[in-house]
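Subject: Structure handover and notes

Dear colleague,

I am passing on the structure that we talked about, with the sequence alongside. Please open it first and keep it in view while you read my notes.

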Amino acid sequence: MTVHNILLTVLLSAIACGAHAEENHKLDDHSLRATHILPTLANQLGITTQLSGVKVLKHTLVSYGTLTTGAEQLSHVRARYTGLIKTVHGSVGDSVKAGDLLAEVESNESLNQYPVRAPIAGTIIQRHANNGEVTQNQVLFSIANFDTLWAELRIYPAQQRQVKPGLNVSMNVNAQIISGQIAHIIPELNKPYQLARVQLQNHDMGLFPGSLVEAQVIVDETSVAVAVVNTALQTLDGETGVFVHHNGQYTFTPLALGLRSDKFTEVISGIGVNEDYVAQNSYLLKAELEKSEAEHNH
């Protein structure tokens, strides 16, 4: 027997054997509409409630991408003049500040030594400089600054009419939820999608380039006076509604519904603001009412 069936059996048995069973099996013209559950049993079964009220309905689309550095955050350091590397002061993994000494080079032309300094603050991620080598025109050091990163999200043709700069985005990166805003959208050469770029401040998050991003792009937001969570909605005798809770009694209440988002649905009529309704596991209440109705009909 599955966990679902066990819970359902426990609920039906507990209600059927309850001291208030006769009082709480109420009939209207079509069906049983209300039932009573003790708070301890409701808690054990995970039947939770919340208050109806004003909500902002968010319509989102999903996009995936990766984190990367911006061009201004990556520097490839070369020697100004060709010469012999006399000393090296930085290695891979070292943090440097702008202006820190990285190496000293003796110019082939003047035989004078001159310093090679870090042009930006960041971390040395590559080093191609050792004492006694000739610089030529090679990159001696590569420095990257990871304090700011960019999420590059793939936007496919079916999504492109909805996505534009300025839209808010909620991103999941390495189990961290990060909010941002699309700064600009750029074409990706020879790819069937565009890139929506979102800047992330990475001072304290420890993120790194190449990390995968799952993003919810908020393409529309609408405020409504009354809304309920989608998981609360049940259909009984052809009517869609919620179970309203009052002093341990749960009454199925039909609703007239309007706009729907990923998480919430607008209520046009049926309940008002601050109604206590079942938000999770309302299907257990529906199952008990349907069982009671079936027994009554027989």
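Below I go through the chain as a whole, then its nonpolar cores, and then its aromatic rings.

This is a predicted model, in which local features need pLDDT of at least 70 and side-chain atom pairs count only at pLDDT 80 or more, while totals for chains, interfaces and linings use all residues. Residues are numbered from 1 along each chain as its sequence is written, and side-chain values use heavy atoms, with hydrogens and water left out.

The protein chain has four helices and 22 strands (DSSP runs numbered from the N terminus, H or I of at least four residues for helices and E of at least two for strands). Of its 298 residues, 40% are buried, where buried means under 20% relative accessible area, exposed means over 50%, and partly exposed lies in between, with a 1.4 Å probe and protein chains only.

The largest nonpolar core (buried Ala, Val, Leu, Ile, Met, Phe, Trp, Tyr and Cys residues joined through side-chain atoms within 4.5 Å) holds 20 residues, and those touching the most other members include Leu67, Ala151, Val169 and Met171. Among the strands that give two or more residues to this core are S4 (53-68), S12 (148-155) and S16 (212-229), and S12 supplies the largest share, four residues. Leaving aside residues up to four places away in sequence, Met171 touches, among others, Ala151, Val198, Leu200 and Val213, where a contact means heavy atoms within 4.5 Å. A second, separate core has 17 residues, including Val77, Leu102, Ala129 and Leu140.

Turning to the rings, a search of the whole structure finds three aromatic pairs (rings of Phe, Tyr and Trp, the last by its six-membered ring, with centres within 6.5 Å; planes under 30 degrees apart are stacked, over 60 edge-to-face and the rest tilted). The ring centres of Tyr156 and Tyr193 are 5.3 Å apart and their planes stand at 70°, so this pair is edge-to-face. Because Tyr156 lies in the loop between S12 and S13 and Tyr193 in the loop between S14 and S15, the pair ties together parts that are 37 residues apart in sequence. Tyr156 counts as partly exposed, at 37% relative accessibility, whereas Tyr193, at 15%, counts as buried. Phe243 and Phe252 also form an edge-to-face pair, 5.5 Å centre to centre with 65° between the planes, and both of these residues are buried.

Best wishes
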